[in-house]
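Hi,

Here is the structure I promised to pass on to you. Please have a look at it first, and then read my notes below.

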Amino acid sequence: MLRLAACLLAGFTLAGPAAAQTLRYGMMEDPDALDPTLARTFASRMVFAALCDKLVDIGPDLKPVPQLATSWELSPDEKALTLHLRPGVLFHDGEKLDAAAAKYSIERHRTMPGSQRRSEIAPIDSVDVVDDLTVRINLKQPFAPLLAQFTDRAGMMVSPKAAERLGDKFASAPVCAGPYKFVERVPQDRIVVERFPDYWNKDAIHIQRIEFRPIPDATVRLTNLRAGQLDLLERLAPTDVAQVKRDAKLKLESTTELGFQEILFNPNKAGSPVADPKVRAAFEAAIDRNAINQVVYNGEFLAGNQWVNPKNPNYVAEYPIPKRDVAKAKALLAEAGKPNPQITLTVYANSESPQVGQVIQAMTKEAGFDVKIQAVDFTTALDAADKGNYEAQLYSWSGRSDPDGNTYSFLACKAALNYPKYCSPEADAALQAERGTIDPAKRKAAWKALADQVLKDRPGIYILHRKLLWAYSQKLSGFVPYPDGLVRFTGLKFN
């Protein structure tokens with residue numbers, strides 16, 4: 001009996017710390033495919049931050065820092081990038097990360113059917129294995145955003161052995177080289193990862209297990225955090241900031257995102273009034289971005305009208321945020337011969353997007369629009385955008401450190417995320433110009449040329465830039481906010 005009691009006591013004392021070493025992370029959405037080549041959602045990037053290291057990372061100041069590559073050099077003609085890989089790195093299946101594996105991952109991003117990375121790294125011509133730990137990226141022409149692309153999914157390395165074995169089922173059991181390895185996924189419920197004992201930077205990883213839990217309702221996420229059912233949540237509702245600040249058991253962190261919120265139009269939808277550029281211009285004239293921010297987001301976000309926010313050095317100052325002008329909107333609709341256009345606006349079925357839709361609905365009604373709100377889950381909205389099965393959609397993009405990551409995939413002809421199927425020779429020329437040089441003055445001129453065309457054509461209307469808000473238990477320490485919205489798990493620990 002004494003031995004039994006001792007065993008039970010030992011089991012009890014071991015269970016406590018083990019439970020405490022599970023980080024329960026509340027997310028707004030369930031991620032899409034857990035394959036860095038195919039994924040396209042912000043939520044998937046949050047999970048990849050635990051699963052899949054990248055060739056290069058960014059610091060809180062957005063400057064590139066080494067991760068799987070320890071150093072790199074750009075050739076004098078800017079057409080070759082040489083990367084030196086970190087020695088001793090292993091994938092979760094025990095296979096080594098060498099130059100051949102890096103080449104495999106980059107080529108997979110370039111050529112795999114359905115790749116969402118293809119347009120991001122389209123200027124790559126070939127990849128050479130220089131030696132066991134050196135890889136050279138050869139470019140068709142100079143490509144300024146290349147290093148920035150490698151700080152995201154295009155820079156994530158996957159195990160060639162696992163990718164070949166699993167084929168198009170890789171997302172069901174991803175094998176990368178990050179601090180945590182995949183355990184299980186229960187759709188719409190949880191994704192579980194556990195600490196990889198052979199991680200190259202294992203001494204900086206203190207939490208044993210992470211459970212990513214999708215909870216679309218911001219109020220429910222916060223309720224779970226306050227009740228001790230979560231340890232960390234992302235995208236706290238701005239209206240809940242004061243409540244978190246008053247709670248001694250919680251901490252709050254924030255930063256302005258790199259991305260944007262916009263209203264995407266589908267001018268290709270048969271019979272839709274948004275096919276008329278004057279109707280799209282009227283829609284923009286009818287909305288007040290600052291009012292949307294105040295009403296829905298408690299003034300915490302930042303109004304905007306471009307792919308970067310007005311505080312970003314790449315913002316085109318010649319095009320400030322236009323003020324609301326209902327009379328102008330009515331006049332434009334009259335010119336278009338559509339005084340009362342009916343438009344269906346698709347929004348995400350979370351706690352905030354429908355509110356944005358309702359405010360836009362009320363504003364545009366004053367100009368003559370009849371806007372219907374359709375709320376669907378995040379994955380359904382993306383699928384509808386892919387298939388062109390939408391008229392207008394409230395869309396969010398988490399953003400990238402280089403503005404090319406906020407523009408090319410959305411605005412270039414036939415690009416992967418160009419849901420409106422926008423195609424302008426002038427816009428394409430501007431995009432090629434910004435990509436083709438690292439000269440800041442030339443890139444600035446290219447952004448101006450892009451704004452000249454895109455802000456006139458309005459394939460979409462940029463409206464806001466979110467403040468990224470995290471709330472977490474005071475028992476958690478080592479949290480550092482990054483503008484890309486991704487948690488770095490290195491250094492994170494329970495007190």
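The protein has 15 helices and 21 strands; here helices (H or I, at least four residues) and strands (E, at least two) are DSSP runs, numbered from the N terminus. Please keep in mind that this is a predicted model, in which local features need pLDDT of at least 70 and side-chain atom pairs count only at pLDDT 80 or more, whereas totals for chains, interfaces and linings use all residues. Residues are numbered from 1 along each chain as its sequence is written, and side-chain values use heavy atoms, with hydrogens and water left out.

Let me start with the overall picture. The C-alpha trace spans about 85 × 55 × 35 Å along its principal axes. The radius of gyration is 24 Å, which agrees with the value near 23 Å for a compact globule of 495 residues (taken over C-alpha atoms; the globule rule is 2.2 Å times the number of residues to the power 0.38). Of the 495 residues, 56% count as buried, where buried means under 20% relative accessible area, exposed over 50% and partly exposed in between, with a 1.4 Å probe and protein chains only. The accessible surface comes to about 20100 Å², and carbon and sulfur atoms hold 53% of that surface; the areas come from the Shrake-Rupley method with a 1.4 Å probe, and for residues only the protein chains shown count as cover. If we take contacts between residues at least 6 apart in sequence, 69% join residues at least 24 apart (contact means heavy atoms within 4.5 Å).

There is also an annotation to pass on. UniProt, in an unreviewed entry, places the feature "domain: Solute-binding protein family" at residues 63-415; UniProt positions are given in the numbering used here, feature names are shortened, and annotations may be inferred rather than shown by experiment. In the model, that span is 27% helix and 24% strand, and its end C-alpha atoms lie 26 Å apart.

Now to a sheet that I would look at early on. Its 6 strands are ordered β14-β18-β13-β17-β15-β16, and the sheet is open with mixed pairing (two strands pair if DSSP finds at least two bridges between them). The edges are taken by β14 (302-303) and β16 (370-376); each has a single partner strand, so one side of each is left without a neighbour in the sheet. Within the sheet, β13 (residues 260-265) pairs with β18 (residues 460-465) in the antiparallel sense over 4 bridges, and Ile263 stands opposite Ile461 of β18. Helix α11 (residues 353-365) packs on this sheet and touches β13, β15 (342-348), β16, β17 (392-397) and β18. The direction of α11 makes about 160 degrees with that of β15; axes are lines fitted to C-alpha atoms, for helices over the stretch in contact, and angles run from 0 to 180 degrees between N-to-C directions.

Just ahead of β18, the loop from α15 (440-457) holds Arg458. Arg458 is not a glycine, yet has a positive phi of about 55 degrees. At 18% relative accessibility, Arg458 counts as buried.

A second residue with positive phi sits in a hairpin. Strands β4 and β5 form this hairpin with 5 residues between them, and Glu78 in the turn has a phi of about 60 degrees. The loop that holds Glu78 runs between β4 (69-74) and β5 (80-85). The two strands pair in the antiparallel sense over 5 bridges, and Glu73 has Thr82 in β5 as its bridge partner. Ala80 lies in β5 and is buried at 13% relative accessibility. Beyond neighbours within four places in sequence, the contacts of Ala80 include Glu73, Leu74, Arg136 and Ile137.

Finally, two buried loop residues. Gln116, between α3 (99-111) and β6 (124-131), has a relative accessible area of 14% and is buried. Leaving out residues up to four places away in sequence, Gln116 touches Thr37, Leu38, Ala39, Arg40, Ala416 and Leu417. Asp231 is in the loop between α6 (218-226) and β11 (232-234), and is buried at 7% relative accessible area. Among the contacts of Asp231, again without neighbours within four places in sequence, are Thr22, Leu23, Arg24, Tyr472 and Phe494.

Happy to talk it over whenever suits you.

Best wishes
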